[in-house]
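Got the viewer open? Let's take a walk through this structure, one selection at a time.

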Amino acid sequence: MRINKWVRMTLREIVRRPDVIAESDEEMRFHLAMETERHLRAGLSPEDARREALLAFGGVLRHREQMRDEQPARSLERVIHDVRFALRLLRKTPGFTIAAVLTLAVGIGGNTAVFSAVNGVLLHPLPYPHADRLVTIAHTTRGGDIPKNLPDASATHVVYSTAKSFEAMALYQPGKVTLTGGDSPERVAEVSVTQGIFPVLGVSPQLGRAFLVDEYRPHAADVVMISDALWRRRFGADRAVIGQSILVDGHPSTIVGVMRRDTHFPSADVELWMPMQIDVHKLEGFHTPGIGLLRPGVTPEQAERELIALLPRATEGSDFLTPQLLQSAGIRPDVHPYADDVVGSSVRRSLWTLWATVLLVLLIACVNVASLLAVRAESRRREMSLRSALGAEQRHLLAQSIAESTVLVMLGAALGVALASIALAMVRRFGEGVLPRTTEVHIDSAVLLVTALVAGGAAVVFGIAPLPGRGAGVRSLFSGLGTRGGTTDTSSLRMRHVLVVAQVAMAAMLLVVCGLMVRTAKNLARVDVGFRPDSVLTFRIALSEVGYPKPGDVARFHQTMLARIRALPGVVAVGATSDLPLSPDGVPGDPLRTDRDIARTNSLPPAAEMRVATPGYFEAMGIPLRRGRVLLDSDGDSEHPSGAVLVTDAVVRAAMAGREPIGARVAHGLAGEPDQRPWSEVVGVVGDVRGTTLEDAPMGAVYYPLVDAPGVNMEWLSRSLSYAVRVRTDPMTLLPSVRSMLHELDPALPLYDARTLRSIVDAASSKSRFAMMGLTIAALAGLLLGSIGLYGMLAFSTSQRTREIGVRIALGARPSAMRASVLRQGLRLCITGLAIGLISAIGLRVAIRPLLYQVSATDPLTFLGVAAVLLLVGTIAAWIPANRAAHLDPMRALRLD
Amino acid sequence: MGESSTEPLRGTIDLLVLKTLTLAPMHGWGISQRIQQLTSGALEVNQGSLYPALQRLERRDWIDSEWRVTESGRRAKYYKLTAAGQRAAGRETASWRRHVLAVEALLAQT
């Protein structure tokens, strides 16, 4: 009821303002009339009576004012007035306004853009109902990653299925298959899953059904579920697709379900889900990623402890996997949040680092605007003091000051959000493949809220900071009135010095991080990838088991294709391999035993990659032959395979301890494991290539010929080969003739992943380039803003000292001494900030180190460079006002005010 | 601000107005006159504080207002206590008495 009345009156005061005023005036007139009458009765003349009444009343306007002060609507009116006043002031000083708004826009915009990325990529939950409880179940060995083909890795998952920490658990194996039967063959990503995947992810098909229990049994009929994208692309979103057949690697498979559009497991490009048909009684040696759904309240650490306790049971009934082997190899389960795998640790680290740097830029920007406002406040000090002496209440001055800063900050924030959305559009367009989950990156309510909080906080701080006489009261009021342009009180001067030092320090930190990233990018660009990337066309061809049932058919196809390409004009060399260098998805590898090995007691032998290569591959790629010979066509003869292989430098170093490699015998896999591979003979040594990333040193590889040697099954590697064609001209111009050649040979085969070798190398360095570019932009913005801050502060304090300098010059001080004085002041601040910044940068080394490649986090060259740049910029920023001081005309200076 | 001795203490004006209105509904001028009479001229309520106070009290729904015609035939805004105002007047009176007693006790000590 009380509220009601309050609201009613307030509304009436806003909406029917004239009525309210008229009513109040009428009440006042009545009062005056009565008062006049009273005086008349007391015997005064009419004029005197009226004058007395008016005098007592104290003025009509004042009455109105007093009434209005009691009305809440009045404060709204005052806010509007303050904002108008602020806008007028800002328009009067366009230079200041533009500088402040742009500075804020850069700070807030950078922050908004990067926070959107952090929010979308790192903070947004994955699109599964229990995303926070999804964990990856993997294994590690003492040496890091588990060798890919360590036997019975999947057996452990059978053992793990009894674990109480999990609600459900599943294995999955991503791969690629060829779809035929349509207009053109197509190579798509697929994933084989075990039964648990649907309860784990909490997903169900939008159409049809999930797989039946029987369909996971070995030799069950082939069934698939297809993605929403494939359904629309290949079947025109026809609901009758269920039960239709689709050719997967040549096998007819029945479509039983269509997945939802937002199910992207394990990656966004997966188009087919298939049941993983495994025989739990005869588990083979494959390494399979696992994913589990934790019970509510169970942490990944608890789950991991339970699995560690269960693991020894996996050795029961296995001749090969013994408790001793588990012990000696240090094999242990590793359970961690699944979200960590979706966004790699390097991206995670880059994004957090980037955010930290843009926060620094924002801080610098805020300090800049704060000192700009302080400078302005200084020049309006007398006005403010005068106004408060004339009776303006402190809270009104404060409100006005806050209104002014709010208008500034809001303009800056609006421009900043606009800048951020442009930046994000560019990230979405060019960031694919560099940044995961780019589709999730946009400015949403959470981002705007953070921006609003930042901006609001800044507005209040800026509003309060420049007010005169905070807490000092009357003293500063009088000192404000008494000052002439010549003197400033020391506390505000010291405050500005602190601000400038802080800016220089933050700029120094940013520059150090940026410098280290530039050096990292340079080091990565100089990495010897182990091959010559220019003028090479690469593409991939995969053969199905239906069209090419025997290993000999596979070899024959590839050899024919290679021979025809070699005959094309402009081709220098051509070869094919199972995995090109710098394949981010990884290369199969396994522990390698040799007869040149040293005795190992407590660890697995070093792992080496398994690769297949045709004779021309090394010449086409420009991989150097170190010793012996390369593989010949005769080594790959399907009737009489020679069993010859090549190894790389790293294998000779790690597995053979540098002993004579030619004639040595090597085999992948551990001795005594089921299906143990026989020895192969090393006939040559070639250079190493970077297998997956630029940063990781090569692990070494064994190159097998295209076809199976007795007991060495290579078919799983050679069915799908990457071709490398070295040409004299632009590599991509060769592509059409290669395509038509393939079409002639087999129209059902897709040619995919066509690109130049150079672009593969570029893509490998794009992640660090992305981080470097982001950090460089942030650092340059920081440097620019910081130097503007230093310049602004010095220019202002010099102009404040105009009188003093004038007096000193008039008394005979040399202009050069004045210049030196200002320069000294500037450089002192600059050096102090620099020292603090560099020391802080040393403190950051733990956070930065993982982002760096072959450069120390305390790299002296970078630190020296940053010091030089900042001193140079600082000197320039100080020189301009210093020079102005030196050329000051004393007469003019003294006549000021 | 120059406070004269006849001006009521700050904060007591609400109480004075409420108390005056417990007798009968009254217009602003009448209220000021009555306060002066009842205190034998010891307190004079300044118009500058009376009318904002009336507005404030009405906003709190302690008093209500309506336009009426006086005996002399003029239109005037009459104020009267609401039920909440009655209760508030009692509360404020009690609280004022406690306050006065406390201050008296202190003054007697020193």
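Select A:Pro266 as your opening stop: this residue sits in the loop of chain A between strand E8 (251–258) and strand E9 (270–275). Keep in mind throughout that you are looking at a predicted model. Now add A:Phe265 to the selection, since the peptide bond joining A:Phe265 and A:Pro266 is cis, with omega at about -10°. As background, most peptide bonds are trans.

**Stepping back to chain A**

Zoom out and colour chain A by secondary structure. You'll have 29 helices and 22 strands to look at. Of the 897 residues in chain A, 40% are buried. Try showing contacts too: among those in chain A with a separation of 6 or more, 83% are between residues 24 or more positions apart.

**Into the nonpolar core**

Next, select A:Leu104, A:Val504, A:Ala508, A:Leu510, A:Leu511, A:Val512 and A:Val513. These have the most contacts inside the largest nonpolar core, a set of 95 residues. Which helix gives the most to this core? Pick out helix H13 (residues 345–379) of chain A, which supplies 17 residues. Two domains of chain A each put at least three residues into this core: domain 2 (76–129 + 344–483) and domain 4 (493–526 + 770–897).

Stay with A:Leu104 for a moment and light up its surroundings. Beyond its neighbours within four places in sequence, A:Leu104 is in contact with A:Ala365, A:Val369, A:Leu408, A:Val409, A:Gly412, A:Ala413 and A:Gly416. There is also a second, separate core, this one of 67 residues; to find it, select A:Val571, A:Val651, A:Met714 and A:Leu749, which are among its members.

**A stop at a strand**

Go to A:Arg665, in strand E18 (residues 665–668) of chain A. A:Arg665 has 15 C-beta neighbours inside 10 Å, so it counts as partly exposed. Setting aside neighbours within four places in sequence, its contacts are A:Thr594, A:Asp595, A:Trp679, A:Ser680 and A:Glu681. Put a distance label between the C-alpha atoms of A:Arg665 and A:Asp595: they are 70 residues apart along the chain, yet the separation is 5.6 Å.

**Two residues with positive phi**

Now for a pair of backbone oddities, one in each chain. Some background again: most residues other than glycine have a negative phi. Select A:Gln854, in the loop between helix H27 (845–848) and helix H28 (860–886) of chain A. A:Gln854 is not a glycine, but its phi is positive, about 55°. Is this residue, A:Gln854, buried or exposed? It has 12 C-beta neighbours inside 10 Å, so A:Gln854 counts as exposed.

Hop over to chain B and select B:Ser40, which lies in the loop between helix H2 (28–38) and helix H3 (47–59) of chain B. B:Ser40 is another residue other than glycine with a positive phi, near 50°. With 7 C-beta neighbours inside 10 Å, B:Ser40 counts as exposed.

**The sheet in chain B**

While you're here, show the strands of chain B. Three of them make an open sheet in the order E1-E3-E2, with antiparallel pairing. The edges belong to strand E1 (26–27) and strand E2 (63–69) of chain B; each has a single partner strand, so one side of each is left without a neighbour in the sheet.

Look at the E1 side: E1(B) pairs with strand E3 (residues 75–81) of chain B through two antiparallel bridges. Select B:Met26 and you can find its bridge partner, B:Tyr79, in E3(B). Now add helix H1 (residues 13–23) of chain B, which packs on the sheet and touches E1, E2 and E3 of chain B. The direction of this helix, H1(B), makes about 95° with that of E3(B).

Then move to the E2 side, where seven bridges join the antiparallel pair E2(B) and E3(B). One spot to click is B:Asp64, which stands opposite B:Lys80 in E3(B). E2(B) and E3(B) form a hairpin with five residues between them, and B:Gly73 in the turn has a positive phi of about 85°.

**Where the chains meet**

For the last stop, show both chains together. The contact takes 19 residues from chain A and 17 residues from chain B. On the chain A side, the elements giving two or more residues are helix H1 (2–15), helix H2 (17–41) and helix H4 (60–69) of chain A. H2(A) provides the largest share of that side, six residues. Colour the chain A side by class and you'll get eight nonpolar, four polar and seven charged residues.

Key:
Residues numbered from 1 in each chain as written. Chains lettered and ligands numbered in written order. Predicted model: local features only at pLDDT ≥ 70, side-chain atom pairs only at ≥ 80, totals over all residues. Contact = placed C-beta atoms within 7 Å. Helix = DSSP H or I, 4+ residues; strand = E, 2+ residues; numbered from the N terminus. Nonpolar A, V, L, I, M, F, W, Y, C, P; charged D, E, K, R; others polar. Buried ≥ 20, exposed ≤ 12 C-beta atoms within 10 Å, placed from the backbone. Pairing = 2+ DSSP bridges. Axes fitted to C-alpha atoms, helices over the stretch in contact; angles between N-to-C directions. Core = buried A, V, L, I, M, F, W, Y, C linked by C-beta atoms within 7 Å. Domains from an automatic or database assignment.
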